[in-house]
Amino acid sequence: EAVFAECLDIQESSPRSVHTDIAAAANDLAATERALGHLERALELHRRALEIRRADGGEDSVLVAESLNNLAGAEQDRTVAERDMREAVDIRERVLGHDDPLTIQSRINLARIVLSRNDLGAAESILVEATEAARRLGGLGAEVFGQSSMTLAFVDLRLGKSAEAEHVIEE
């Protein structure tokens, strides 16, 4: 934590630093704070990174989507987290495309947030879409396919759809 904080201080005080470096340092420090359980500090740093990235890259930036994805992951208010993750998915779809692995990953993250609200039907719908997109990628989508299909199987089991869960797992 101290090392990342020092890096951020150096970045901010350096006349040669560019905003993207400061945002990256804030994002890295936020991840460390989050891992240490300092969620309020993590949220503050993720918001700061997002603000810098929006100012530098506009609303349709892959880095803005990354910051929203990270911010949603740290957010304890699930309504706010869902809003931020939906925005990340929308940006990634516009910029990277529907079937890009990062877009699929954000969809999986969104489904997990929706699942944390116990909305199994909505989570299942998002995961079906993510799993189908990952399947279309073939080998390039293997990691996100594994994540989406296993989470989908979990949701299907919770919904009492054992046969569907078994089918998804066997794929």
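# Burial, helices and cores

Visitor: Where is Asn118 found?

Guide: Asn118 sits in the loop between helix H6 (101-116) and helix H7 (120-137). Keep in mind that this is a predicted model.

Visitor: Is Asn118 buried or exposed, and how do you know?

Guide: Its relative accessibility is 51%, and the exposed label starts over 50%. Asn118 therefore counts as exposed.

Visitor: What makes the backbone of Asn118 stand out?

Guide: Asn118 isn't a glycine, yet its phi is positive, about 70°. Most residues other than glycine have a negative phi. That positive phi turns up just after H6. Just after H8, Gly160 also takes a positive phi, of about 80°.

Visitor: How do you know that the length of H6 makes sense as a helix?

Guide: Count the rise: at 1.5 Å a residue, the 16 residues of H6 should span 22 Å. The expected span uses one less than the number of residues. The end C-alpha atoms of H6 are 23 Å apart, so the two values agree.

Visitor: What does the check give for H8?

Guide: H8 has 17 residues, which should span 24 Å at 1.5 Å a residue, and its end C-alpha atoms are 24 Å apart, so that agrees.

Visitor: What makes you say Asp100 caps H6?

Guide: A side-chain oxygen of Asp100 lies 2.8 Å from the backbone nitrogen of Leu102. The polar contact cut-off is 3.5 Å, and the pair is at the N-terminal end of H6.

Visitor: Why is H6 called mostly covered?

Guide: Twelve of the 16 residues of H6 are buried. Among them are Ile104, Arg107, Leu110 and Val114. The buried residues of H6 pack against H4, H5, H7 and H8. As for Leu110, leaving aside neighbours within four places in sequence, its contacts are Glu82, Met85, Arg86, Val89 and Ile126.

Visitor: Which residues of H8 are buried, and what covers them?

Guide: The buried residues of H8 include Val144, Phe145, Leu152 and Val155. Polar ones such as Ser148, Thr151 and Asp156 are on that list too. The cover includes H6, H7 and H9.

Visitor: Which residues touch the most other members of the largest nonpolar core?

Guide: Leu68, Met85, Leu110 and Val155 do, out of 27 residues in that core. Helix H3 (39-57), helix H4 (62-74), helix H5 (78-96), H6, H7, helix H8 (142-158) and helix H9 (162-170) each supply at least two residues. H4 gives the most, with six. There is also a second, separate core of eight residues, including Ala26, Leu29, Ala30 and Ile52.

Visitor: Why is Ala30 called buried?

Guide: Buried means under 20% relative accessible area. Ala30 comes in at 0%, so it is buried. It belongs to helix H2 (residues 19-35).

Visitor: What does Ala30 touch?

Guide: Not counting residues up to four places away in sequence, Ala30 touches Ala42, Leu45 and His46. Ala30 and His46 are 16 residues apart in sequence, while their C-alpha atoms are 5.9 Å apart in space.

Visitor: And Asn70, is that one buried or exposed?

Guide: Asn70 has a relative accessible area of 18%. The cut-off is under 20%, so Asn70 is buried. Asn70 lies in helix H4, and away from its neighbours within four places in sequence, it is in contact with Asn27, Arg34 and His46.

Visitor: How many helices and strands does the whole chain have?

Guide: Nine helices and zero strands. Read from the N terminus, the order is α-α-α-α-α-α-α-α-α.

Visitor: How much of the chain counts as buried, and what about the surface?

Guide: 41% of the 171 residues count as buried. The accessible surface comes to about 8700 Å², with 53% of that belonging to carbon and sulfur atoms. As for contacts between residues at least 6 apart in sequence, 52% join residues at least 24 apart.

Visitor: Which elements have the lowest and the highest mean pLDDT?

Guide: Helix H1 (residues 2-13) has the lowest at 60, and H5 the highest at 97. The chain averages 88, and 88% of the residues score at least 70.

Note on methods:
Residues are numbered from 1 along each chain as its sequence is written. Side-chain values use heavy atoms; hydrogens and water are left out. Helices (H or I, at least four residues) and strands (E, at least two) are DSSP runs, numbered from the N terminus. Buried means under 20% relative accessible area, exposed over 50%, partly exposed in between (1.4 Å probe, protein chains only). Contact means heavy atoms within 4.5 Å. A nonpolar core is a set of buried Ala, Val, Leu, Ile, Met, Phe, Trp, Tyr and Cys residues joined through side-chain atoms within 4.5 Å. A polar contact is a pair of N or O atoms within 3.5 Å; within protein, one must be able to donate a hydrogen and the other to accept it, and residues adjacent in sequence count only if both atoms are side-chain atoms. Accessible areas come from the Shrake-Rupley method with a 1.4 Å probe; for residues, only the protein chains shown count as cover. pLDDT is the predictor's confidence in each residue, from 0 to 100.
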